[in-house]
Amino acid sequence: MSKKTDILLTREVRLAITALESAPGEANNFAANPPPNGVIPVVTLNVRMAGRVNADTGMLVNIKHIDQIVRRVAAPAMADMLRPDIRSIGPGLLLTELFQRCGAALVPYEINDLTLHVSPWMYFQANGGELPMIRMAQRFEFSAAHRLHNPDFSPEKNLELFGKCNNPNGHGHNYELEVLVGGQPDPHSGQILPLAQFQRLINEHIIDVFDHKHLNLDCPEFAALNPTVENIAQIIFSKLQGVFPAHVKLLAIKVWETPKTCCEVRAY
Ligand code: NI
């Protein structure tokens, strides 16, 4: 994706993971396909295609074509994960395989990246130029209080600049944190990093440090630093430097202060 005329088109394919075959005509693409008749896992695959628009059709690639290919390749692979006689290859290796097989089946069209959402809080992403590295992101939460204030400014200027956020006794947020890492999936587990270890590292270095704290008063990081979402994101990013095993690279973090406000710090 370097040519100026290239565009990106993303198609989301929703897949219910079931060993049962869907009867023709029963598809429900809005919920999932095959239809999730019962309590069964549903994953989404976001296929981002790169290329040029065909002058005759006005399309980069027909989305029906993407759906057909992805379902044909991914549905059996997902169903295999439910079979007790087949060892699960894990999400990292599964995605690598899906990227390669969908990519081959979609030629001459080019997949820019493929993202597998295994839950609303975790996704894996394969980028053509990065393989065999796979990206993995997870969301975490912490609640904290803060006060936006600059002691060098007058009370009037602080109030004008920060408004209600300058309240002397602070106010709270339920922060969401997304941590994006990259690495080569383990050949046995298919994981970039054991998930328990991932959570333990984030808990130890971030959540336990900031959760249920008043950032200005309890956390030395913000004793002389205004705890805006921008500064919180930068502090979190710096605290996560060097905490992962050598084969895992910290790629980016995102902090949502509210659903409408998010700050991202990228290493790439
Ligand atoms: Ni605030």
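With the whole protein shown as a surface, about 14,700 Å² is exposed, and carbon and sulfur atoms supply 54% of that area; accessible areas here come from the Shrake-Rupley method with a 1.4 Å probe, and for residues only the protein chains shown count as cover. What you have open is a predicted model, in which local features need pLDDT of at least 70 and side-chain atom pairs count only at pLDDT 80 or more, while totals for chains, interfaces and linings use all residues. Residues are numbered from 1 along each chain as its sequence is written, and side-chain values use heavy atoms, with hydrogens and water left out.

Switch next to the C-alpha trace, which spans about 70 × 50 × 40 Å along its principal axes. A cartoon view shows 6 helices and 9 strands, where helices (H or I, at least four residues) and strands (E, at least two) are DSSP runs numbered from the N terminus. Of the 268 residues, 44% count as buried, a term that means under 20% relative accessible area, with exposed meaning over 50% and partly exposed lying in between (1.4 Å probe, protein chains only). If you draw contacts, meaning heavy atoms within 4.5 Å, between residues at least 6 apart in sequence, 66% of them join residues at least 24 apart.

Now select the nickel ion. Its protein donors are H146, H171 and H173, each through NE2, at 2.0 to 2.1 Å from the ion; donors are N, O and S atoms within 2.8 Å of the metal (3.2 Å for Na, K and Ca), and water is not among the atoms, so sites may look incomplete. In sequence these donor residues follow the spacing H-x24-H-x1-H. Colouring by accessibility separates two of them, as H171 is partly exposed at 21% relative accessibility, whereas H173 is buried at 15%.

From there, select helix α6, residues 229-239, in which V229, N231, I232, A233, I235, I236 and F237 are buried. Keep those side chains visible and add their surroundings: the buried residues of α6 pack against several elements, including β5 (134-146), β6 (171-183), α4 (195-210) and β8 (249-258).

The backbone deserves a stop at three places. The peptide bond from V107 to P108 is cis, with omega near 15°, and P108 sits in the loop between α2 (90-106) and β3 (110-119). Another cis peptide bond joins L131 and P132, with omega about 10°, and P132 belongs to the loop between β4 (122-127) and β5. Finally, select H212, which has a positive phi of about 60° although it is not a glycine; H212 lies in the loop between α4 and β7 (213-214) and is exposed, with a relative accessible area of 65%.

Last, select the cysteines. How many disulfides does a search of the whole structure find? The search finds 0, a disulfide being counted as a pair of cysteine sulfur atoms within 2.5 Å. The sulfur of C165 is too far for a bond, because the closest cysteine sulfur, in C263, is 15 Å away. For C219 the closest cysteine sulfur is that of C165, at 18 Å, which is again too far for a bond. Their surroundings can be compared by accessibility: C165 is partly exposed, with a relative accessible area of 27%, while C219 is buried at 2%.
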